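Student: I'm new to this one. Can you walk me through how to read its salt bridges?

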Amino acid sequence: MTHVAGKHFLQIPGPSNVPDRILRAIDRPTIDHRGPEFAALARDALEKLKTIFQTRGAVVMYPASGTGAWEAALVNTLSPGDKVLMFETGQFATLWREMAGRLGLEIDLVPGNWRTGVDPAVVEAKLAEDKARAIKAVAMVHNETSTGVVSAVAQVRKAIDKVGHPALLMVDTISSLASIDYRHDEWGVDVTVAGSQKGLMLPPGLSFNAISDKALATSKTSKLPKSYWAWEPMLTSNKTGFFPYTPSTNLLYGLSEAADMLLEEGLPQVFARHDRHAEATRRAVRAWGLEILAVNPREYSSTLTAVVMPEGHDADHLRETILERFNMSLGQGLGKVKGKVFRIGHLGDFNDLMLAGTLAGVEMGLAIDKVPFKKGGVSAALDYLAGNH
Ligand SMILES: Cc1ncc(COP(=O)(O)O)c(C=O)c1O
């Protein structure tokens, strides 16, 4: 194999670039996970996590990918045959719904076009109709990573409260936590699902549930089978800084460092940085004369932008060209939009010049692949970045 000089550009919407500071933090001897040094590390990491979820309640973490935390949210709170209201916002919402079905839950699915988010008015109408209170949970994806569409969590909470429905609210923040404003307590979320490999800037391998008091109380009577994912033994062990099984010791070093980095920058500044890079990216896409998959500006994602390919051009071919020529990975179209869109990830440890390089790679790739587009996307983004600090 020939040597490729310079850094790989990992511009998929997660896993995101792991900063050197986190790599150095992880690069330490593994310690005894039943010893005092570990207990201090775990307690510190769990406490800092609460600030990031914007909660005073419990947060648990699993040595697992995000899919594990999806399962944990469902099996800890629900019982066989319980009805869950879900929304077809994209591929990840679809996968979560399929999982819920396999676990023996009954799904009331609101169909979607993969270009818009959850409509709070539909939530209100569905719950108002549910006089028997058969719906036990409303489960939604905050930032749909397959489409770059954000759903309004606070408005969905308001819709649930407006009709006085007791359903739990579960939110997947796997590609929004620590990048897009998210408030577990203030927005009245019962279970938040998150993962390590996107806004938290860590390698894949940790996932989380933030748990409201109501969800915790419900977990006492939930009857879906659970063992590895069970909250109760986890929360009991966590009180002393330990886990019911072997935790990802070295990822916890990284997690503690990541939390320090985010809190040093300040969460509002982290969110503003992501908003600004997303806006610059959209300006580039528009100047190229290409279409953004998300149709409502208020639902634009600040962590990724999904770009629609002109008819007759294959997004995966473009991604291959860009990888081969410029050593940059872009996100592929998933599920229904495979080959039709490519996704530019602009999240995590990311700055203006990284975005400039990313957009330059896309613009050159479009030219090489003879995709019909107008030049000037990179300039439009640079003008915006230079003019808006
Ligand atoms: C919004 C969302 N939910 C769930 C998942 C699944 O997480 P994992 O692949 O870590 O299991 C992902 C992965 O990208 C995601 O983006």
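Tutor: Let's go through the charged pairs, then one polar residue. This is a predicted model, where local features need pLDDT of at least 70, side-chain atom pairs count only at pLDDT 80 or more, and totals for chains, interfaces and linings use all residues. Residues are numbered from 1 along each chain as its sequence is written, and side-chain values use heavy atoms, with hydrogens and water left out.

Student: How many salt bridges are there by this rule?

Tutor: Side chains of opposite charge can pair when their charged atoms come close. A salt bridge here is a side-chain nitrogen of Lys or Arg within 4 Å of a carboxyl oxygen of Asp or Glu. That rule gives 19 salt bridges. One of them pairs Glu-279 with Arg-283 at 2.8 Å, N to O.

Student: Where do Glu-279 and Arg-283 lie?

Tutor: Both sit in helix H10 (residues 267–287), 4 residues apart, about one turn of the helix. Helices are DSSP runs (H or I, at least four residues), strands likewise (E, at least two), numbered from the N terminus.

Student: Is Glu-279 buried or exposed?

Tutor: Buried means under 20% relative accessible area, exposed over 50%, and partly exposed in between (1.4 Å probe, protein chains only). Glu-279 counts as buried because its relative accessibility is 18%, while Arg-283, at 37%, is partly exposed.

Student: Which side chain makes a polar contact with Thr-145?

Tutor: A polar contact is a pair of N or O atoms within 3.5 Å; within protein, one must be able to donate a hydrogen and the other to accept it, and residues adjacent in sequence count only if both atoms are side-chain atoms. Thr-145 pairs with Ser-175 at 2.7 Å.
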